[in-house]
Amino acid sequence: MSYQDSKENEHVHTDFKEKMTYGEYLELDQLLSSQKRLSDHHDEMLFIIIHQVSELWMKLILHELQAAISAIRSGEVQSAFKMLARVTTIQNQIIHAWDVLSTLTPAEYIEFRDHLGQASGFQSYQYRMVEFALGYKTAHVLSIYKKDPELHQKLTEAYQAPSLYDAAIEKLYEAGFDINPDLINRDYTEIYQADPTVEAAWREVYLNVEKHWELYQLAEKLVDIEDSLQQWRFRHMKTVERIIGHKMGTGGSSGVGYLKKVLDHRFFPELWDLRTNL
């Protein structure tokens with residue numbers, strides 16, 4: 001090491017006998033020992049890490065979505081914008097993860113696929129909670145999680161809670177728009193269906209942007225999130241098709257067929273319809 005290097009590093013901490021290290025703060029021993037292959041195949045490590053990283057990103061998405069819903073419902077809409085923008089940025093990270101997984105070829109995957117048993121991404125409870133937070137409520141998936149009563153209760157609460165779009169519609173109502181009263185405090189376990197009073201309200205927002213600037217910003221943040229989620233779903237579907245074709249998924253779903261079907265669902269339908277009707 002040169003004299004200059006030693007001078008630049010002279011204040012670097014090296015004694016951690018009584019201090020917390022970077023690895024301890026992040027609990028890296030636990031984190032980096034959680035990749036346990038069930039086969040000897042080299043590429044199973046890729047498969048595990050991609051899914052673990054995606055779950056970590058989903059944990060942050062949920063953290064931001066839940067905080068954004070609370071902020072909007074309590075009148076702090078501006079503070080929710082940063083959270084929702086962060087969600088979209090995180091979604092882009094998860095979308096690019098499919099590029100890495102798609103380096104796994106069919107010949108490689110079949111070498112360890114049987115070791116997965118019935119375990120499948122279809123069972124990701126965090127992904128279900130993201131769907132619930134965005135308003136896509138499906139009761140039948142709750143039965144997957146009965147094995148863990150605490151987790152099942154957590155999912156049930158998320159299933160019964162108002163979604164991000166419910167919070168946005170409440171804001172339209174509070175702003176004085178003539179919103180169908182049945183939508184306010186509705187049964188949040190029902191999948192939201194497009195309503196003409198909501199589309200009319202959003203149309204007014206988009207035709208008078210300066211007057212309704214905060215609601216307009218909120219609408220565009222919602223569109224960003226749904227756009228990114230659908231891109232994620234599409235890349236998921238194409239990656240699955242690329243690796244296993246039209247085989248049934250390990251969890252018993254129809255695989256590519258199921259993934260194509262969910263692409264048709266719209267979370268915030270009026271925000272898409274008004275683009276045609278403006």
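The following is a short chat about a predicted model of a protein.

Biologist: What does the secondary structure of the protein come to?
Modeller: In this predicted model the protein has 13 helices and zero strands, and accordingly the run of elements from the N terminus on reads α-α-α-α-α-α-α-α-α-α-α-α-α.

Biologist: And what box do the C-alpha atoms fill?
Modeller: Taken along the principal axes, the box filled by the C-alpha atoms is roughly 70 × 55 × 35 Å.

Biologist: What share of the residues is buried?
Modeller: The protein has 278 residues, and 44% of them are buried.

Biologist: How about contacts, what percentage join residues at least 24 apart?
Modeller: If one takes the contacts between residues at least 6 apart in sequence, 70% of these join residues at least 24 apart.

Biologist: Switching to the surface, what area does the protein expose?
Modeller: The exposed area is about 16,000 Å², of which carbon and sulfur atoms supply 53%.

Biologist: Which residues make the nonpolar surface patch?
Modeller: Met20, Tyr22, Tyr25 and Leu26 make that patch, which covers about 520 Å².

Biologist: Where is Leu26 found, and why can it count towards a patch?
Modeller: Leu26 lies in the loop between helix 2 (22–25) and helix 3 (28–31). Its relative accessible area is 37%, so Leu26 is partly exposed, and patches are made of residues with over 30%.

Biologist: Last topic, charges: how far apart are the mean positions?
Modeller: There are 29 positive and 42 negative charges in the protein, and their mean positions are 3 Å apart.

Methods
Residues numbered from 1 in each chain as written. Predicted model: local features only at pLDDT ≥ 70, side-chain atom pairs only at ≥ 80, totals over all residues. Heavy atoms only, no water. Helix = DSSP H or I, 4+ residues; strand = E, 2+ residues; numbered from the N terminus. Buried < 20%, exposed > 50% of the residue type's maximum accessible area, 1.4 Å probe, protein only. Contact = heavy atoms within 4.5 Å. Areas by Shrake-Rupley, 256 points an atom, 1.4 Å probe, with all protein chains shown as cover. Lys, Arg positive; Asp, Glu negative; His and termini not counted. Charge placed at Lys NZ, Arg CZ, Asp CG, Glu CD. Patch = residues over 30% accessible without salt bridge, like charges linked within 9 Å, V, L, I, M, F, W, Y side chains within 5 Å. Salt bridge = Lys/Arg side-chain N within 4 Å of Asp/Glu carboxyl O.
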